[in-house]
Amino acid sequence: MTETIKSDPATTSNTSVFEPKIVAFVCKWCTYAGADLAGTSRQVYPSNVRALMLPCTGRIDVTFVLRAFLQGADGVIVSGCHPGDCHYTAGNFRARRRWILFRDLLDTLGVDLRRVEMAWISAAEGTKWVKTITTFTDQIRELGPYEPMHKVAEDRSPDTILPVDLALSYYSGGENPISAVDPKLQEAVGEAMAAGKVKVVVGWVRNTTLSRPRPVWVASAEAAKFLTQPGDSGNLARMIKNPQLRPVGPIGIVARTTEMMALNVLIQEAQLDPANVVIFAVMPDGKFLGTMDMAQVAALIGEQVKNVPADQPAGFSPETHKLLDELMAKTPAERWQFWAEQSAKCIRCYACRGSCPMCNCEQCFAEKNQPQWFPTAADGPGNFAWQAFRAFHLAGRCVGCGACQDACPAGIPLNVLGAAMARSSLKHFGHRAGVDPKAVPLQSDFRPDDKESFIL
Ligand code: SF4
Ligand code: SF4
């Protein structure tokens, strides 16, 4: 392995005295015992490795890997029981699935994939542990210190100040044409309310101060002057996250395609009772399609997806796919440079999180202090970890509505990362977010034959 690897001068550097720092996250039952066996058998392997014991590889979290790099690691390896040998039945199958998605995310970010490895090493395979660690250490020694990552880790510069023109275009709303009120939609809302099918309905209305529309809840059809083409205004599915709505009774939502897809994801994740929601469906051309239940919505989305190319996730705009294609045509070092510049602009306002219907944790781990998952400041390490983990958290869930990107005051192309994860979900697992409300959430699932050609 080491002989064939050539260092990428743009992302690495070699020194004659360099001794890499390697972090190994190992399962307590198999690999840790295998490493112990190597020691008691007096086998020799490089002392560069710091082994951290996990109860199971299923406990591995991508933040551990990112944190290891941000704290100075030059290479990270995760190792545990062989498939079928997990002491908790399927922890390693789940880890494997997450690792597949994680590798694609790292690749999109321009992280050097030669610096991350995964291995299956049993308690009886002390010799395999020695060989794997020796080979990996040689490989990282040849690549040199991971300077681009360490540079990010050292960047403790204060918050970015937004360029004035960017901030103004955000706050004034910019060009965002909105359509007229559709009387048919208002009639449908009135009928549903009169029949007791819905208690409250949410939709977009004209804003009196900004050119962007704003969402409102109405409890009377009289008040409903909903727009059918609200432009890049966000995703209304996020509005139903409010727990105060639960005792209200059936709710209605004026929904476009990506809003309907987001509702499907929320049903998959048991965040929404499909019997408790009525859809007033509108099409991209502003046409009001009709009043629907979620079963009809699923059929409608199923029909629409038939028109999407087989290798493309649904929901994302052609511009987003084009940007992602252009990005992936660059070298890893160029991709890294691109995301380093984008990430540096982040002010950690969390508007991306607030606008996303999929972000529904009561307390976001990004703001937790005990334990602190990663740095909370808007600086190099904090921003990198936030961007990377947010994209990973949304793998298999993001429907490509673009609400996060539209809300971002720093103009970071967040949808490109979402599209990269959506492509990975489709390519490896045939999973399209928001299409089938009965599908098992991607990261809660596994298949015994999930790919593992990259695992040592
Ligand atoms: S909306 Fe943009 S600036 Fe705000 S936290 Fe998200 S990525 Fe950072
Ligand atoms: S991550 Fe962005 S594009 Fe994806 S569902 Fe959330 S708001 Fe929409």
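**Entry 1: ground rules**

For linings I count Ala, Val, Leu, Ile, Met, Phe, Trp, Tyr, Cys and Pro as nonpolar, Asp, Glu, Lys and Arg as charged, and the others, Gly among them, as polar. This is a predicted model: local features need pLDDT of at least 70 and side-chain atom pairs pLDDT 80 or more, while totals for chains, interfaces and linings use all residues. Residues are numbered from 1 along each chain as written, chains are lettered from A and ligands numbered from 1 in written order, and side-chain values use heavy atoms, without hydrogens or water.

**Entry 2: domains and the largest pocket**

I began with the layout of the chain. It is divided into domain 1 (22-154), domain 2 (183-305) and domain 3 (311-435), with bounds from an automatic or database assignment. I find the C-alpha centres of domain 1 and domain 2 to be 46 Å apart.

Which domains each give at least three residues to the lining of the largest pocket? They are domain 2 and domain 3. On a 1 Å grid over protein atoms alone, a pocket is an open set of points with protein on both sides within 12 Å along at least five of seven lines, a cavity is a set where a 1.4 Å probe fits but cannot get out, and lining residues have an atom within 4 Å of a point.

I noted a volume of about 780 Å³ for this pocket, meaning the space filled by probe spheres on points joined across faces, edges and corners. Its lining has 31 residues, and Thr 258, Pro 284, Gly 315, Gly 400 and Cys 401 are the ones nearest the centre. At least two lining residues come from each of α8 (257-268), α9 (294-305), α10 (318-328) and α14 (403-407); helices (H or I, at least four residues) and strands (E, at least two) are DSSP runs numbered from the N terminus. I sorted the lining of this pocket into ten nonpolar, 17 polar and four charged residues.

**Entry 3: cysteines**

How many disulfides does the rule give? The count is one, taking a disulfide as two cysteine sulfur atoms within 2.5 Å. It joins Cys 30 and Cys 81, with 2.4 Å between the sulfurs. These two cysteines are 51 residues apart and link distant parts of the chain: Cys 30 sits in the loop between β1 (22-27) and α1 (31-40), and Cys 81 in the loop between β3 (75-80) and α3 (91-109). The S-S torsion is about 100 degrees, so I logged the bond between Cys 30 and Cys 81 as right-handed.

Are the two partners buried or exposed? Cys 30 is buried at 5% relative accessible area, and Cys 81 is buried at 4%; buried means under 20%, exposed over 50% and partly exposed in between (1.4 Å probe, protein chains only).

I also checked Cys 361, and its closest cysteine sulfur, in Cys 364, is 6.7 Å away, which is too far for a bond. Cys 364 itself is buried, at 13% relative accessibility.

**Entry 4: loops and α2**

Thr 57 lies in the loop between β2 (49-54) and α2 (62-70) and is buried, at 2%. Beyond four places in sequence, its contacts (heavy atoms within 4.5 Å) include Cys 27, Val 78, Gly 91 and Ala 95.

Next along is α2, where eight of nine residues are buried, among them Phe 64, Leu 66 and Phe 69. Just after this helix, Gly 72 has a positive phi of about 115 degrees.

Two residues other than glycine also went into my notes for positive phi. Thr 89, in the loop between β3 and α3, has phi near 80 degrees and is exposed, at 61%. Arg 348, in the loop between α11 (332-344) and α12 (351-355), has phi of about 55 degrees and is buried, at 8%.

**Entry 5: cavities**

My search covered the whole structure and gave five cavities of 30 Å³ or more. The largest holds about 170 Å³. Among its 18 lining residues, Arg 390, Leu 394, Cys 398, Cys 404 and Asn 415 are nearest the centre. Helices α13 (380-393), α14 and α15 each give two or more residues, and the largest share, four, is from α15. That lining splits into twelve nonpolar, five polar and one charged.

The second largest cavity holds about 100 Å³. Which of its 15 lining residues are closest to the centre? I listed Cys 346, Cys 349, Cys 352, Cys 408 and Ile 412. Helices α12 and α13 each supply at least two lining residues here, and the split for this second cavity is twelve nonpolar, one polar and two charged.

**Entry 6: the tail**

Last, I looked at Pro 441, in the segment after α15 (414-429). Setting aside neighbours within four places in sequence, Pro 441 contacts Gln 268 and Glu 269.
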